[in-house]
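Got your viewer open? Let's take a walk through this one, stop by stop, picking something to select each time.

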Amino acid sequence: SMADISKAYNDKRYLTTISLSNTYLATNKPTTELLSIRYRTYFIIGKYAESLAEIGKIETLGTLDRQTACNAQVIATYSKNQSLVDKYTKLCKQ
């Protein structure tokens, strides 16, 4: 459940967070809340490409906010993806 996923994230049990969210997504549609937890978790554990992929899913839902775009800019910088840095820098400044 989302409560279990949030608790795992808040308890800094990041691999459990990913595992629980994978199970959740097998039978539920992704939400912005869930994808936000996933992108932050992937960033914390150093999986930048996966983190950016989750942000891409947030964009697909049409719910990318300015703060998430600014976070994405930082993650894209870590992943050395200049095209995404440029893209998210523009969105972050809006």
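Which residues of H5 are buried? Select the helix and have a look: they are Thr-68, Ala-69, Cys-70, Ala-72, Ile-75 and Ala-76. Keep in mind as you click around that this is a predicted model.

**Stop 1: helix H5**

H5 has 13 residues and runs 19 Å from its first C-alpha to its last, close to the 18 Å expected at 1.5 Å a residue. Now switch on its surroundings. The cover over the buried residues of H5 includes helix H3 (32-44), helix H4 (48-61) and H6.

**Stop 2: the disulfide**

Stay on H5 and pick Cys-70, then add Cys-92. Their sulfurs are joined in a disulfide, with 1.8 Å from S to S. The structure holds 1 disulfide, and it links distant parts of the chain: Cys-70 sits in helix H5 (residues 66-78) and Cys-92 in helix H6 (residues 82-92), 22 residues apart. Turn the view to look along the S-S bond: the angle about it is 95 degrees, making the link of Cys-70 and Cys-92 right-handed. Are these two cysteines buried or exposed? Both Cys-70 and Cys-92 are buried.

**Stop 3: two lysines with an unusual backbone**

Next, select Lys-80, which follows H5 and belongs to the loop between H5 and H6. Its phi is positive, near 60 degrees, in a residue other than glycine. Most residues other than glycine have a negative phi. Lys-80 is exposed, with a relative accessible area of 73%.

Then jump to Lys-12, in the loop between helix H1 (2-10) and helix H2 (14-27). Lys-12 also has a positive phi, about 60 degrees, although it is not a glycine. With a relative accessible area of 60%, Lys-12 is exposed.

**Stop 4: Tyr-48**

Select Tyr-48, in helix H4. How far is Tyr-48 from Lys-80 in space, C-alpha to C-alpha? They are 9.6 Å apart, although 32 residues separate them in sequence. Show what Tyr-48 touches: leaving out residues up to four places away in sequence, you should find Phe-43, Ile-75, Tyr-78 and Ser-79. Tyr-48 is partly exposed, at a relative accessible area of 23%.

**Stop 5: salt bridges**

Side chains of opposite charge can pair when their charged atoms come close. How many salt bridges does a search of the whole structure find? It finds 4. Start with Glu-54 and Arg-38, whose side chains meet at 3.0 Å, N to O. Glu-54 lies in helix H4 and Arg-38 in helix H3, so this pair ties together parts 16 residues apart in sequence. Glu-54 is buried, with a relative accessible area of 3%, and Arg-38 counts as buried at 4%.

Add Lys-57, which forms a salt bridge with Glu-54 (3.0 Å, N to O). Lys-57 and Glu-54 both lie in helix H4, 3 residues apart, about one turn of the helix. Lys-57 is partly exposed, with a relative accessible area of 37%.

Now pick Lys-87 and Glu-59, in a salt bridge of 3.1 Å, N to O. This pair links distant parts of the chain, with Lys-87 in helix H6 and Glu-59 in helix H4, 28 residues apart. Now bring back the earlier selection: salt bridges that share partners join Arg-38, Glu-54 and Lys-57 into one network.

**Last stop: the surface**

Finally, turn on the surface and select Leu-15, Ile-44 and Ile-45, which make a nonpolar patch of about 280 Å². Ile-45 lies in the loop between H3 and H4.

Terms used. Residues numbered from 1 in each chain as written. Predicted model: local features only at pLDDT ≥ 70, side-chain atom pairs only at ≥ 80, totals over all residues. Heavy atoms only, no water. Disulfide = S-S within 2.5 Å. Helix = DSSP H or I, 4+ residues; strand = E, 2+ residues; numbered from the N terminus. Buried < 20%, exposed > 50% of the residue type's maximum accessible area, 1.4 Å probe, protein only. Expected span 1.5 Å × (residues − 1). Contact = heavy atoms within 4.5 Å. Patch = residues over 30% accessible without salt bridge, like charges linked within 9 Å, V, L, I, M, F, W, Y side chains within 5 Å. Areas by Shrake-Rupley, 256 points an atom, 1.4 Å probe, with all protein chains shown as cover.
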